[in-house]
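Grab a pencil and open the viewer. Below are some exercises, each with a worked solution, so try each task before you read on.

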Amino acid sequence: MLNNDKFLRVARLAAPAAALALAGCSKLTVMKPHGDIAVQQAGLIVTSTLLMLLIIVPVIALTLFFAWRYRQSNQNATYAPDWDHSTRLELVIWGAPLLIIIALGAITWISTHKLDPFRPLDRIDAQRPVPAGLKPLVVNVVAMDWKWLFIYPEQGIATINELAAPVDRPIEFRITATTVMNAFYVPELAGMVYAMPGMQTKLNAVINHPGTFQGISANYSGAGFSSMRFAFLGLSEANFEDWVESNRSGEALTRAAYLKLERPSEREPVRRFGKVDEGLYEAVLNRCADGQQMCAHEMMAIDAAGGLGKGNLRGVRESALDGRTVVAAAVCTPDNPLGLPRPLAAQ
């Protein structure tokens, strides 16, 4: 046990360290973001915290009050050793938490569906709905070792470790990974969403203020994890178009260039690609970017049809169609890089 003098000395030494640690919380990005989805998530945190404090604060206050009121030296406190039950107290003790749990459950149920990252946006912010006919900006995101690849299929460009989007325009992120599970996270924009190899997750979000914000990898993925960061640029429509044009002078992201890029590297600088091979993201998603393996979606289609045993290894499947046997290629070849099924013969 520490005596009073030792305790005071420890407290004096610990105070500056505690103040320094808390200084890192001065910029409350998560609680004061610039994207509507993140704003709603911050509001959910505040609402949930206040509801829980309705119980926590009275419990702490009453604990301190009872400890003081019924201290040994207080001879005026009521002494009732035979008291063991009060219906009114039981109603308060159990009823109030139950009502708060019901409220939290209702809020969680509504928010889980309303803020589902797969759900297309229905509003730009609290005052503005999404205008009719406004299409979201589609961005394909690939988490690599240890960098981020962003492919813009409509614009035909790609970047490494730099992401841009127009202010007040919905964004649809389609997210996958090359090797291990990761997490795509821009605190100013929305909550984190996992990136997994062979799978696609989605995030629908919008940025409401221009600026440069930090994006990070929020799931440990190996040695270069700590430097797996990128810049997210919130731009006006005109500035976004200029940004797109500035990327068009970059090199082409071909299959061969992608395979080199896929190799692990740390602290990768921003790189720009002015052209992207058609179907590259789909090949990455289906784990057949090298053109030597059967694509995952074809494997699953073959398995769903019953499989072919050893024949499956040769990348060929057969199925009956209107009494005929249809043979279709399902192997990735130079003239069929995605392994799409093609009729070869029918009998």
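**Exercise 1: Check a helix for length.** Work out how the end-to-end reach of helix α3 compares with its expected span.

*Solution.* Start with the count: α3 has 28 residues. Next, take the distance from its first C-alpha to its last, which is 40 Å. At 1.5 Å a residue you'd expect 40 Å, and the reach is close to that. Keep in mind that you're looking at a predicted model.

**Exercise 2: Pair up two helices.** Decide how α2 and α3 run relative to each other, then describe their contact.

*Solution.* Step one is to place them: α2 covers residues 36-69 and α3 covers residues 87-114. Step two is the geometry, where the two axes come within 9 Å and cross at roughly 170°. Angles over 145 degrees count as roughly antiparallel, so α2 is roughly antiparallel to α3.

Step three is to list who takes part. From α2 come Gln40, Leu44, Thr47, Ser48, Leu51, Met52, Leu54 and Ile55. From α3 come Ala96, Pro97, Ile100, Ala103, Leu104, Ile107, Ser111 and Lys114. Step four is to sort them by class: the contact has 11 nonpolar, four polar and one charged residues.

**Exercise 3: Look for the covered side.** Find which residues of α3 are buried, and name something that covers them.

*Solution.* The buried residues of α3 are Ile100, Leu104 and Ser111. Now look at what sits over them: the cover includes α2. A bit of helix background helps here: an α-helix has 3.6 residues a turn, so residues three or four places apart point the same way.

**Exercise 4: Zoom in on Ile107.** Is Ile107 buried, partly exposed or exposed, and what does it touch?

*Solution.* First, locate Ile107 in helix α3. Its relative accessible area is 24%, so Ile107 counts as partly exposed. Leaving aside neighbours within four places in sequence, Ile107 is in contact with Leu44, Thr47 and Leu51. Take Thr47: 60 residues separate it from Ile107 along the chain, yet their C-alpha atoms are 8.9 Å apart.

**Exercise 5: Explore the loop with Lys147.** Is Lys147 buried or exposed, and which residues does it touch?

*Solution.* Begin with the address: Lys147 is in the loop between β3 (137-143) and β4 (148-152). With a relative accessibility of 1%, Lys147 counts as buried. Beyond four places in sequence, Lys147 touches Val142, Ile160, Asn161, Met228, Leu261, Arg263, Pro264, Ser265 and Glu268. For a distance check, try Arg229, which is 82 residues from Lys147 along the chain while their C-alpha atoms are separated by 7.2 Å.

While you're in this loop, look at Trp146, which is found there too. The peptide bond from Asp145 to Trp146 is cis, with omega near -10°.

**Exercise 6: Compare two backbone angles.** Look up phi for Asn161 and Arg267, then say where each residue sits and whether it is buried or exposed.

*Solution.* Some background to start: most residues other than glycine have a negative phi, and most peptide bonds are trans. Asn161 has a positive phi, near 60°. Arg267 has a positive phi as well, near 55°.

Now their places. Asn161 lies in the loop between β5 (157-160) and β6 (162-166), and Arg267 lies in the loop between α5 (255-261) and β14 (271-276). Last, accessibility: Asn161 counts as buried at 7%, whereas Arg267 is exposed at 66%.

**Exercise 7: Visit Gly191.** Where is Gly191, and which residues does it touch?

*Solution.* Gly191 is in the loop between β8 (182-185) and β9 (193-195). Not counting residues up to four places away in sequence, Gly191 touches Gln41, Phe184, Tyr185 and Leu203. Pro117 is 74 residues from Gly191 in sequence, and the two are 8.5 Å apart, C-alpha to C-alpha.

**Exercise 8: Zoom out and judge confidence.** Summarise the chain, then find two stretches to treat with care.

*Solution.* The chain has eight helices and 17 strands, and 37% of its 347 residues count as buried. Its average pLDDT is 84, with 80% of the residues scoring at least 70. Over residues 22-26 the pLDDT is below 50, and this stretch has zero contacts in the model beyond near neighbours in sequence. Residues 311-332 also stay under 50, and for them the model has 61 contacts beyond four places in sequence. Where pLDDT is low, the predicted coordinates should not be read in detail.

Definitions and conventions:
Residues are numbered from 1 along each chain as its sequence is written. This is a predicted model: local features need pLDDT of at least 70, side-chain atom pairs count only at pLDDT 80 or more; totals for chains, interfaces and linings use all residues. Side-chain values use heavy atoms; hydrogens and water are left out. Axes are lines fitted to C-alpha atoms, for helices over the stretch in contact, and angles run from 0 to 180 degrees between N-to-C directions. Helices (H or I, at least four residues) and strands (E, at least two) are DSSP runs, numbered from the N terminus. Angles under 35 degrees count as roughly parallel, over 145 as roughly antiparallel, 65 to 115 as roughly perpendicular and the rest as oblique. Contact means heavy atoms within 4.5 Å. Ala, Val, Leu, Ile, Met, Phe, Trp, Tyr, Cys and Pro count as nonpolar, Asp, Glu, Lys and Arg as charged, and the others, Gly among them, as polar. pLDDT is the predictor's confidence in each residue, from 0 to 100. The expected span of a helix is 1.5 Å times one less than its number of residues. Buried means under 20% relative accessible area, exposed over 50%, partly exposed in between (1.4 Å probe, protein chains only).
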